[in-house]
Amino acid sequence: MELGERIRVSRELVTKFRGDEGRTQFAKAVGVTYETVRQWESGKIHQLRPHRYQKICSLTGVRRAWLETGEGPMLQDANGPSLAQVLRDAKKLTREEALS
């Protein structure tokens, strides 16, 4: 999984940061523009400034090592959901939103 996808998955862990509206709120919380978050998630920007990693981790609860490299546990709380569960929930949410 590339950095952009890890950022998107991290963002979507937090309900209020899901979808396009959530991306706007996430951008404000991190201190960047919507366009910057879009570029991160699309893979156009491959590296973040160190303080951005820290801000994303504090907002979403993911571990910095996982966000930077994709290695190790995803969440700071070892008792939280697995990456597979998060991805399943995100797909389910997308389908449910499409049907409503």
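Colleague: Which residues bring H2 and H3 together?

Modeller: In this predicted model, Asp 20, Arg 23, Thr 24, Phe 26, Ala 27 and Val 30 of H2 meet Tyr 34, Val 37, Arg 38, Trp 40 and Glu 41 of H3.

Colleague: Why are H2 and H3 called roughly perpendicular to each other?

Modeller: The axes of H2 and H3 cross at roughly 105 degrees and come within 8 Å. Angles of 65 to 115 degrees count as roughly perpendicular, and H2 and H3 are therefore described in that way.

Colleague: Why, then, are H1 and H3 called oblique to each other?

Modeller: The axes of H1 and H3 come within 6 Å and cross at roughly 120 degrees. The roughly perpendicular class runs from 65 to 115 degrees, and roughly antiparallel requires over 145. H1 and H3 are therefore oblique. Gly 4, Glu 5, Ile 7, Arg 8 and Arg 11 of H1 make the contact with Val 37, Trp 40 and Glu 41 of H3.

Colleague: How do you know that H2 spans what is expected of a helix with 12 residues?

Modeller: From its first C-alpha to its last, H2 reaches 16 Å, and the span expected at 1.5 Å a residue is 16 Å. The computed span of H2 is thus close to the expected one.

Colleague: What makes it correct to say that the buried residues of H2 line one face of the helix?

Modeller: Under the cut-off of 20% relative accessible area, Gly 22, Arg 23, Phe 26, Ala 27 and Val 30 are buried in H2. Viewed down the axis of H2, these buried residues fall within an arc of 145 degrees, so they line one face. On the other side of H2, Glu 21 and Lys 28 are exposed. The cover over the buried residues of H2 includes H1, H3 and H4. After H2 comes Gly 31, with a positive phi near 95 degrees.

Colleague: How do you know that the buried residues of H3 are on the same side of that helix?

Modeller: The buried residues of H3 are Val 37, Trp 40 and Glu 41. Around the axis they cover an arc of only 90 degrees, which puts them on the same side of H3. They pack against H1, H2 and H4. Just after H3, Gly 43 has a positive phi of about 90 degrees.

Colleague: Which residues touch the most other members of the largest nonpolar core?

Modeller: That core has 20 residues, and Ile 7, Phe 26, Trp 40, Leu 48, Ile 56, Val 62 and Leu 67 touch the most other members. Helices H1, H2, H3, H4 and H5 each supply at least two of the core residues. Ile 7, leaving aside neighbours within four places in sequence, is in contact with Phe 26, Trp 40, Glu 41, Leu 48 and Leu 67.

Colleague: Why does Arg 63 count as partly exposed?

Modeller: Arg 63 is located in the loop between H4 and H5. Buried requires under 20% and exposed over 50%; at 28% relative accessibility, Arg 63 therefore counts as partly exposed. Beyond four places in sequence, Arg 63 touches Cys 57, Glu 71, Gly 72, Pro 73, Met 74, Leu 75 and Gln 76. The C-alpha atoms of Arg 63 and Pro 73 are separated by 7.2 Å, with the two residues 10 apart along the chain.

Colleague: How many helices and strands does the protein have, and what percentage of its residues is buried?

Modeller: The protein has six helices and zero strands. Of its 100 residues, 32% are buried.

Key:
Residues are numbered from 1 along each chain as its sequence is written. This is a predicted model: local features need pLDDT of at least 70, side-chain atom pairs count only at pLDDT 80 or more; totals for chains, interfaces and linings use all residues. Side-chain values use heavy atoms; hydrogens and water are left out. A nonpolar core is a set of buried Ala, Val, Leu, Ile, Met, Phe, Trp, Tyr and Cys residues joined through side-chain atoms within 4.5 Å. Buried means under 20% relative accessible area, exposed over 50%, partly exposed in between (1.4 Å probe, protein chains only). Helices (H or I, at least four residues) and strands (E, at least two) are DSSP runs, numbered from the N terminus. Contact means heavy atoms within 4.5 Å. The expected span of a helix is 1.5 Å times one less than its number of residues. The arc is that of the directions from the helix axis to the C-beta atoms. Axes are lines fitted to C-alpha atoms, for helices over the stretch in contact, and angles run from 0 to 180 degrees between N-to-C directions. Angles under 35 degrees count as roughly parallel, over 145 as roughly antiparallel, 65 to 115 as roughly perpendicular and the rest as oblique.
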